[in-house]
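Hi,

Here is the model I promised to pass on. Have a look at it first, then read my notes below.

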Amino acid sequence: MASKIVFGKWESISLLAVLMSTQIFLGFPRLMVEAAGTGAWLLVIYAAVLAMLLFAVISKLYSPFEGKDIIDIGGLAGGNAGRIITGSIFLLYLIFIVSVSLREYAENMRIIYLNVTPISFVEMFFLAGMIAGAFMGIESIVRLGAILAPVIAVGFFMITFGIYPYYDFSKIFPVLGSGVNNIFLRGFSKISVFSAISILFLIAPFLKTNKNFKVTGYASIGISAVMLTWSSLINILAFDYPAALERLMPVFQMARLVNLGRFFQRVESLFMIAWAVSGFLYLSAVFFFIAYVFRKTFKLEYYRPVIFPFATLVFTISLMPPNVITATRLEIDYFRNYVWIISFVLPIVVLLIARARIKASKTGGAENA
Amino acid sequence: MPKKVCMLLVIFILCCMLPGCYDRQEVDDFAYVIAIGLDKGKINILRLTLQLAKPTVIGSGGGGEGGGGGGGSDGSEATTTIVVETPSIFSGLNMANNSLSKKLNLAHAKVMVFSKELAQEGIERYINAIPRTREIRPNISIAVSTSSAEDYIKAVQPHLEINPAKYYEMNYQTFKYTGLSINNDFHNFYSQMKSTYQSATAVLAGVNKFNSAEDFSLQSSTYDEKGRPYPLEGDFKAGDMPRESKLKAEIMGLAVFNGSRMVGELDGHETTMHLMVTGEYGHGFITIPDPIRKDYTVVLEVKRSRNPVCSVDISGERPRISVKVILEADIQTIQSGIEYEKPENMKILEKAYEDFLRESIIKYLKRTTEEFKSDICGFGKIAKAKFLTWDEWERYDWLNRYKDAEFNVEVDFKIRRTGLIVSTVPVTLSKEKEAP
């Protein structure tokens, strides 16, 4: 499959930018305020710089492995065991995040629009979209992402510009918010907001060249850094600290604030489009990669037969948290604090081992010769 | 491949839309609340008043159901009210729903009115429910009624508007051209209530107490305490304006909060000063005694020229706040007929306005520190920028220090235009000729 399908830089950048930025529509802006107070936007910039630096290291280490994904490289590093360990870690990570995100999307949908509908009913529709996306394959998802990414961006910027009467730049002071320690030391773990970069290590075979790999990585981190920083800044400008700590789905609440004259108000429908589209793209792309990683890890010929079992698993796990707060805390306390280990540290470790193995085998080969 | 992409797009769109079928609701199934009133209850914690729109009346042009545009032309019949006593807002909705054929919907509520009595006790326990619900919009105006909220809402029977919601929308925006009131929406009010650098304000509303022009009195006017011989246009609070009209509801002045508790109220004139200091003043007529002939008045249409320039010095024990208000004006009325259009006279008039406004602003600011102990102008925003971290800012404890603040007020006032008259020619009187 990977050898036949190739997609361009725009498609891959769009996909990754959507995957990294979609958290804007959930609790991301609030999460940053929780971590850094009025310095939330500084924290995002700091995390983006760190993510860029770590990606520079990873792309340097990636250079001998053009056209290979992280699971292939895991195989080179540790044989079958290496491949299975690497694949399984990614698999667990993807199942966890897609389950939690599915629950969050469904709960938020229920809170803002579908008050009476049972949560399982709402989730089933999200699941239907995810299953359809996974069945159609990565090419359909990526190409749809390339079409819809600008729609999502336009919707987001329209909402944030629409609340300009509420901007008050004095709200960003004190500029260091909850302090240097919280931003620059404890804030290190917030590079996890760019954890979707790990998908790049899975789509490397579709990008073919190292150049495409690098451009996609830097551009997607850069674009999402702009979106994430802007959302954090506007959240503080509009909602004020500490009241901003209370807001569920700050971007939705921003959309509710848009009130330009008596004619241009109630633009939540704009939010709904951007939010639902980015949600479906995010969930179906990540869900596709669950099946894809499983196939690669266990060297299966087809990925489609595992779609329904995984859909059932994800659906079941997503309904395990007893309430929306538990689901959100699972994402904030565990995923957003520790997933950088899987997204950034694991690839570096795997790449270092693989390079060492290759170097050793070359040296061994030369000695034998 | 494009076929697959299109199919996936269609599936996504269908998946977005179809879940809505489960809790589908028709627009016609709802009764739309346009105003919510909260008073202290007689037999329960709260008395909840809901003003509901009658869409059929509004749609037919105000003259009665199915009139097809005929009938009357006002909105007095376009609403109905329900009053329930309840422990909380939402339990009250539940009780009210029981008597209606349609489900109450708050998505079109324009104003939430608290009675003064309730506001003085603190409204946090009631208002905390609002940001949780998606139905009530953050742009809903917050008002405090000098009479009961129930009376105020029942008194809103607009005669110039068919749509009562439009009445609220437009009435609460009049401050832009009168300067005698404010409009604080729930979003701002809630943030200010929880803020560490600014206290909240709300619109002061009330029911006019005069039934005829013969009943007019100045008992409740604030002109006397200001040492004026007669009241100016802003020397009243809501409910006290000498005004006779079928529409009894009115707004004038603002309610001052400290946290969630109302601690005082300002009259229309002080509200103008508040708007000038906060930079929200648009334009409006301001009357002062004629600087040369004190028994006459001068009226200028005063406009904000530029945003006020404020600074806060926190180096000393007490915060020192400097305010420079920059205004311009057009001459509207010179009762005395003195030629203030002349440059040398214009300077006298400008100076008189500068002194009048400076004195009024200082008096107003002193009330905020000494009487209310509430930074309703938000000077704390400026002070906050002098700190690097939130902990340092919280330790400074601005809201407690504000009561000791000292002010330095400057008013820059320039008359720009003189209306359609460039020079006042004195009135000619006929001289009585002596009989030969």
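Before the sheet in chain B, one definition: two strands count as paired if DSSP finds at least two bridges between them. Also keep in mind that this is a predicted model.

With that rule, 4 strands of chain B form an open sheet, in the order β10-β11-β12-β13, and the pairing is mixed. Its edges are β10 (283-289) and β13 (406-417) of chain B, each of which pairs on one side only. On average, neighbouring strands of this sheet are turned by 40 degrees against each other, ignoring direction. If you want to look at one pairing in detail, try strand β12 (residues 320-334) of chain B with β13(B): they run parallel over 11 bridges. Within that pairing, B:D330 has B:R417 in β13(B) as its bridge partner.

Which helices pack on this sheet? Helix α10 (residues 268-278) of chain B is one of them, touching β10, β11 (297-313) and β12 of chain B. Its direction makes about 120 degrees with that of β12(B). Helix α11 (residues 343-372) of chain B packs on the sheet too, and touches β10, β11, β12 and β13 of chain B. For α11(B), the angle is about 145 degrees, taken against the direction of β13(B).

Another spot in chain B is strand β7 (residues 201-207). There, 7 of the 7 residues are buried, so the strand is largely enclosed by the rest of the structure. What does β7(B) pair with? Strand β6 (residues 141-145) of chain B runs parallel to β7(B), joined by 3 bridges, while strand β8 (residues 249-258) of chain B runs antiparallel to β7(B), joined by 6 bridges. For landmarks, B:S145 is bridged to B:A205 in β7(B), and B:T201 is bridged to B:V256 in β8(B).

Now chain A. It has 14 helices and 2 strands. The radius of gyration of chain A is 21 Å; a compact globule of 369 residues would have one near 21 Å, so the two agree. The C-alpha atoms fill a box of roughly 80 × 45 × 35 Å along the principal axes. Of the 369 residues in chain A, 55% are buried. Looking at contacts in chain A with a separation of 6 or more, 84% are between residues 24 or more positions apart.

One helix of chain A to click on is α8 (residues 198-207), which is mostly covered, with 9 of its 10 residues buried. Among the buried ones are A:I199, A:L200, A:F201, A:L202 and A:F206. Right after α8(A) comes A:K208, which has a positive phi, near 70 degrees.

Last, the contact between the two chains. How many residues does each chain bring to it? Chain B gives 36 residues and chain A gives 41 residues. On the chain B side, α1 (2-17), α9 (186-193), α12 (380-384) and α13 (390-396) each supply at least two residues. The largest share of that side is the 8 residues from α1(B). By type, the chain B residues that touch chain A come out as 20 nonpolar, 6 polar and 10 charged.

That's what I have so far. Shout if anything is unclear.

Cheers

Definitions and conventions:
Residues are numbered from 1 along each chain as its sequence is written. Chains are lettered from A and ligands numbered from 1 in the order in which they are written. This is a predicted model: local features need pLDDT of at least 70, side-chain atom pairs count only at pLDDT 80 or more; totals for chains, interfaces and linings use all residues. Two residues are in contact if their C-beta atoms, placed from the backbone, lie within 7 Å. Ala, Val, Leu, Ile, Met, Phe, Trp, Tyr, Cys and Pro count as nonpolar, Asp, Glu, Lys and Arg as charged, and the others, Gly among them, as polar. A residue is buried if 20 or more other C-beta atoms lie within 10 Å of its own, exposed if 12 or fewer, and partly exposed in between; C-beta atoms are placed from the backbone. The radius of gyration is taken over C-alpha atoms; the globule rule is 2.2 Å times the number of residues to the power 0.38. Axes are lines fitted to C-alpha atoms, for helices over the stretch in contact, and angles run from 0 to 180 degrees between N-to-C directions.
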